[in-house]
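I am opening my notebook to write down what I looked up in this structure, entry by entry.

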Amino acid sequence: MSKEAIEQKKQEVADITDKVKRAKTVVLVDYRGLTVAQDTEMRVAMRGAGVDYKVLKNRLVLRAFNDCGYQGFDEVLQGPTAVAFGYEDAVAPAKIVSDTVAKTNNKISVKGGIIEGKAASVEEINALAKIPAKPVLVAQLLGMLQNPVRSLAVALSEIAKKQSA
């Protein structure tokens, strides 16, 4: 292998390492079985959610994970692997992959990943996918905060109506 090729590989590992360090969530996906249309649909959804989704060489991803201090991915990084890096929303990559799994009747699968700096199993990634998106959680919280105030306002209104009658 030439010096140029070695330098290129080192740069690729450095790029992947940077992405892993910046990402809130990293999801490893076995994408075999997807049609081009299904893959394109998933990529569009990923881009729309601010998720960086790429097919990367297992050996380079493994080196980057090791550089970041993540061990135990030797068996996970076997066969075709795509990597989804979620920078803003920790739930988005897992949710989009989970939605694609449901739409394609399990043609693809989650292999594992990293959540908030900790290695995650397939089960943990799938559990993360079930969490509502951040805007939905904020709306639910606001609804819960408004409910007691609304109930108090209705109660005070009823008391005022009874006293004036």
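I began with the largest nonpolar core, a set of buried Ala, Val, Leu, Ile, Met, Phe, Trp, Tyr and Cys residues joined through side-chain atoms within 4.5 Å, where buried means under 20% relative accessible area, exposed over 50% and partly exposed in between, with a 1.4 Å probe and protein chains only. This core has 22 residues, and Val27, Met42, Met46, Val97, Ile108 and Ile125 touch the most other members. At least two residues each come from strand 1, helix 2 (36-48), strand 2, strand 3, helix 4 (92-103), strand 4 (109-115) and helix 5 (122-129), and helix 4 gives the most, with 5 residues. I noted that helices (H or I, at least four residues) and strands (E, at least two) are DSSP runs, numbered from the N terminus.

I must keep in mind that this is a predicted model, in which local features need pLDDT of at least 70 and side-chain atom pairs count only at pLDDT 80 or more, while totals for chains, interfaces and linings use all residues. Residues are numbered from 1 along each chain as its sequence is written, and side-chain values use heavy atoms, with hydrogens and water left out.

Next I looked up Met42, which is in contact (heavy atoms within 4.5 Å) with Leu34, Tyr53, Ile96, Thr100 and Ile108, if residues up to four places away in sequence are not counted. I also found a second, separate core of 17 residues, and Val26, Leu60, Leu77 and Tyr87 are among them.

Then I turned to strand 3 (residues 82-86), where 5 of 5 residues are buried. Ala82, Ala84 and Gly86 lie on one side and Val83 and Phe85 on the other, so to speak two covered faces. Strand 3 pairs (at least two DSSP bridges between two strands) in the antiparallel sense with strand 1 (residues 25-30) over 5 bridges, and Leu28 stands opposite Val83 there. Strand 2 (residues 51-55) also pairs with strand 3 in the antiparallel sense over 5 bridges, with Val51 opposite Gly86.

Is Thr17 buried or exposed? Thr17, which lies in helix 1 (residues 3-22), counts as buried because its relative accessibility is 9%. Leaving out residues up to four places away in sequence, I found that Thr17 touches Ala64, Asp67 and Cys68.

My last entry concerns Leu141, which has its place in helix 6 (residues 134-164) and counts as partly exposed because its relative accessibility is 45%.
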